[in-house]
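Here are a few exercises to work through with the sequence and the 3D view side by side. Try each one yourself, then read the solution.

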Amino acid sequence: MDMELEAYLRPPEMDMPPYPAKVITLATGGKLVVRQVNRDAVPRLLQAVRPTLEVPRDYYDIVGVRLYAELLGWYRYRVRDEFCLIGQIDGLLVGIVNTRAYSPEVDISLHTLAIERGLRIGAHLFAAKMEYSIEYCGREEVLITAESPIGFRRWMIEYDLEKREGQHELGGATPYALTRDLYYRNKERLVAGERPVPEELMQVAEREIIIASEEDILEKILGAKRRIVQ
Amino acid sequence: MRPVVVAGAGMIPFERRDEDTLVDMMAVASLKAMDDAGLGDRAVDAVYVGNMASGLFNHQVSVASALVDRLSLMPAAADRIENGPASGGSAMKNGFLAVASGYADVVLVVGGEKMREVIGPKATDIVAAMTHPQAEYIYGVTLPALAGLFTRLYMEKYGVTREHLTMVAIKNQENGLLNPYAHIRMKITMEGVLKHPQAHINSPVVADPLHLYDCCPVSDGSAAVLLTTEEIAKDLKKPIVTIDGVGQATDTHTVHERSDPTELKAVIESSKKAFSMANAKPKDVDVAELHDAFTVLEIAESEQAGFFPLGEGAKALERGDTRIGGKLPINPSGGLKARGHPVGATGVAQIVELTWQLRGEAGERQVKKAKTGFSLNFGGFGNNVLAFVMRRKS
Amino acid sequence: MNTITAYKCKQCGLVMYPHHFRCLKCHAREFEEITPSEKGKLLTYTIVEQLPWGIDERGRVLGVVEFDNGVKALGVLHVENPKMGMKLKAGWDCVRVIGGEEVYGLTFQAA
């Protein structure tokens with residue numbers, strides 16, 4: 001690689017503190033490990049995103065395609081200051097969230113992809129990335145938009161977000177902001193997790209990011225739709 | 001009155017069904033009931049469709065006329081019956097009366113609702129349209145809110161705890177795992193939805209003291225039965241299951257006007273009437289399908305329908321009496337909590353489940369030696385309730 | 001102050017709200033229109049976190065109040081920590097916007 005030219009193409013990077021992993025006890029009693037991954041994990045994560053690319057239901061296709069591009073861009077140094085958190089149950093990848101820093105004061109929330117449904121995985125992971133932006137990176141606010149009605153309900157209504165002028169990086173609906181104050185006001189109600197993650201759980205999570213089969217992923221995100229004529 | 005036989009029963013899995021229209025869902029459930037009965041091409045005389053709000057959810061009305069056309073059942077009589085969440089039960093009652101009275105020999109009863117066409121808060125608003133327009137609706141009251149007002153009083157009066165409520169949810173979601181037609185097929189734990197210090201994030205408040213896992217899901221779905229006379233049914237291959245008792249009663253529109261709001265008078269009266277018509281007693285019942293739109297209702301109904309003394313429903317639950325294998329299994333189907341609650345479909349789905357249970361066709365969730373079944377379909381917040389007693393004829 | 005109108009049966013004295021064409025107890029058809037007294041006590045309440053479409057708030061407290069003169073009604077509570085049996089004072093305020101129109105109803109504050 002011509003690193004001389006590459007140096008021009010790579011964005012500068014802001015220092016970001018590590019996100020300490022946490023474990024969330026789910027309604028099933030199962031343990032969701034939420035942790036930060038670095039660039040090396042991206043090829044693996046893309047395997048889980050790929051099956052969503054042509055699923056129009058709940059805008060999985062739009063979320064999937066954009067998340068795919070954002071992760072790939074981060075992996076190959078074309079997106080600036082992105083971070084990615086994942087959720088795993090017994091090693092199995094059940095969700096991905098990502099955000100990009102815009103300035104030391106403002107983060108831009110990008111996407112939330114839940115592969116397992118009905119367990120509030122998306123809600124837990126969204127809360128985790130807000131936790132990282134506000135509590136660990138020290139941002140004053142996070143800009144948020146929604147592409148699906150589920151996203152709208154989860155983030156806009158649950159967090160009482162403040163409307164902002166201008167555009168969100170994704171170029172869609174009017175952005176809203178989760179301010180530091182709103183975050184702390186809603187934290188007790190919405191942000192779960194315990195630290196440190198017990199060693200054995202952490203080992204299982206770190207040993208391998210297990211990706212469900214394409215068939216399984218499709219069944220999960222389509223709500224296991226059973227055929228009408230049985 | 002002539003005895004009324006449930007000759008055929010069928011339903012489609014309840015869940016979110018974006019791709020299917022309401023009328024198509026009802027047509028498929030109907031075909032299943034018709035095929036199950038095995039009456040061949042025999043004409044259906046009348047069709048009763050239980051549906052609460054197709055006009056609001058789906059912008060379609062006159063769905064009974066649409067259904068008979070879709071199924072080519074003309075010139076059968078066809079009516080849509082709207083009675084809130086008891087629409088299915090009311091359609092069942094009308095079908096029952098048609099056969100019992102001699103007005104019709106073969107009757108199709110279908111319940112169906114497609115609620116997921118609108119997003120959650122809109123569905124909540126449509127369902128809330130059954131409340132009193134001036135005395136309740138304007139305040140933002142929802143059905144879970146009315147249930148919340150009731151639950152607080154019930155807990156205080158009878159010592160019911162949130163643990164009891166969660167036990168209902170756990171039991172019914174376990175049963176739902178055994179039911180291929182159930183919307184929610186997920187085992188939940190006491191730790192995950194109640195005991196863990198952060199469980200309130202998994203199971204947030206909907207209408208305090210009721211949390212997410214105390215409430216039934218919003219579902220799409222349909223269920224159907226074919227009713228006929230003993231004479232016609234005697235040559236059919238299936239075991240004979242009859243509807244022997246039907247009771248219906250009403251209570252005040254608003255919850256606040258009841259002198260004792262913990263007393264569900266329409267549950268008490270409708271159950272008494274159904275038992276009396278069937279010449280049966282609560283202790284004769286082997287399996288019950290109750291209207292657990294909210295966990296507290298399963299406990300309250302199990303008492304007020306006559307199965308347990310007041311205040312004893314939660315104890316029976318603790319003892320495991322209401323589990324499959326217990327003294328009186330309640331909601332082996334998973335109930336509204338796990339099977340789901342497409343409002344107009346529920347009253348019919350309960351009869352479908354009892355038919356399968358009484359015939360011995362309920363698979364993994366079969367209640368052993370079930371001979372007598374009971375169902376309760378609760379409309380409004382208890383202002384219009386239907387009860388049914390069914391038996392298997394040996 | 002604006003408030004609701006309740007109905008007292010001229011035959012048996014039963015107080016009702018909302019309106020019925022026949023008395024809930026004795027079926028008589030003549031009523032005296034009455035207004036609720038200023039104060040009442042809280043019979044039960046719920047905190048609604050999931051409100052219907054059109055009400056952009058969370059945690060609305062709804063309660064059933066029995067006024068000192070026997071009228072019972074539902075209303076919106078502006079109370080931090082509601083307690084069963086607590087004394088409340090009634091108000092009248094916009095409780096919902098329906099089809100762009102402000103709709104007024106009962107509100108309550110701690111007395």
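## Exercise 1: Salt bridges

Glu191(B) and Lys31(A) join their side chains in a salt bridge, 4.0 Å from N to O. (A salt bridge here is a side-chain nitrogen of Lys or Arg within 4 Å of a carboxyl oxygen of Asp or Glu.) Before going on, a word on the ground rules: this is a predicted model, where local features need pLDDT of at least 70 and side-chain atom pairs count only at pLDDT 80 or more, while totals for chains, interfaces and linings use all residues. Residues are numbered from 1 along each chain as its sequence is written, chains are lettered from A and ligands numbered from 1 in the order in which they are written, and side-chain values use heavy atoms, with hydrogens and water left out.

**Task.** Find the elements that hold this pair, then say how exposed each partner is.

**Solution.**

1. Start with the elements, which are DSSP runs numbered from the N terminus: helices (H or I) have at least four residues and strands (E) at least two. Glu191(B) sits in helix H8 (residues 190–195) of chain B, and Lys31(A) in strand E2 (residues 31–37) of chain A, so the pair crosses between chains.
2. Now the exposure. Buried means under 20% relative accessible area, exposed over 50%, and partly exposed in between (1.4 Å probe, protein chains only). Glu191(B) has 34%, so it counts as partly exposed, and Lys31(A), at 30%, is partly exposed too.

**Task.** Set out two further salt bridges, Arg66(A) with Glu147(A) and Glu269(B) with Lys272(B), and say where the partners lie.

**Solution.**

1. Arg66(A) and Glu147(A) come to 2.5 Å, N to O. This pair links distant parts of the chain, 81 residues apart: Arg66(A) is in helix H3 (residues 60–75) of chain A, and Glu147(A) is in the loop between strand E6 (141–144) and helix H5 (149–157) of chain A.
2. Check their exposure: Arg66(A) is partly exposed at 29%, and Glu147(A) is partly exposed at 22%.
3. Glu269(B) and Lys272(B) meet at 3.9 Å, N to O. Both lie in helix H11 (residues 265–278) of chain B, three residues apart, or about one turn of the helix.
4. Here Glu269(B) is partly exposed, with 37%, whereas Lys272(B) is exposed, with 52%.
5. For the full tally, the structure holds 50 salt bridges over all chains.

## Exercise 2: Where chain A meets chain B

**Task.** Describe the contact between chain A and chain B: how many residues take part, and what area is buried?

**Solution.**

1. Count contacts, meaning heavy atoms within 4.5 Å. That puts 30 residues of chain A against 36 residues of chain B.
2. Next comes buried area, the accessible area (1.4 Å probe) that two parts lose on being put together, summed over both. For chain A and chain B this is about 2500 Å², with carbon and sulfur atoms giving 47%.
3. Look for charged pairs: there are three salt bridges between chain A and chain B. One pair to look at is Arg57(A) and Asp18(B), at 3.2 Å from N to O.
4. Follow that pair outward, and you reach a network of salt bridges linking Arg57(A), Asp58(A), Arg117(A), Arg16(B) and Asp18(B).

## Exercise 3: Where chain C meets chain B

**Task.** Do the same for chain C and chain B, and find the residues of chain C that lose the most area.

**Solution.**

1. The contact involves 34 residues from chain C and 31 residues from chain B.
2. About 2700 Å² is buried between them, 64% of it from carbon and sulfur atoms. In chain C, the most area is lost to chain B by Gln50(C), Trp53(C) and Leu74(C), together 23% of what that side buries.
3. The rule finds one salt bridge across this interface. Arg96(C) forms a salt bridge with Asp125(B), and the closest N and O atoms are 2.8 Å apart.

## Exercise 4: A buried glutamine

**Task.** Is Gln350(B) buried or exposed, and which residues does Gln350(B) touch?

**Solution.**

1. Locate Gln350(B) in helix H15 (residues 343–359) of chain B.
2. Gln350(B) has 0% relative accessibility, so it counts as buried.
3. Leaving out residues up to four places away in sequence, Gln350(B) touches Glu289(B), Leu290(B), His291(B), Leu336(B), Arg339(B), Ser375(B), Leu376(B) and Asn377(B).
4. The side chain of Gln350(B) also reaches the backbone oxygen of Leu376(B), at 2.9 Å.

Definitions and conventions
Polar contact = N/O pair within 3.5 Å; in protein donor to acceptor, adjacent residues only side chain to side chain.
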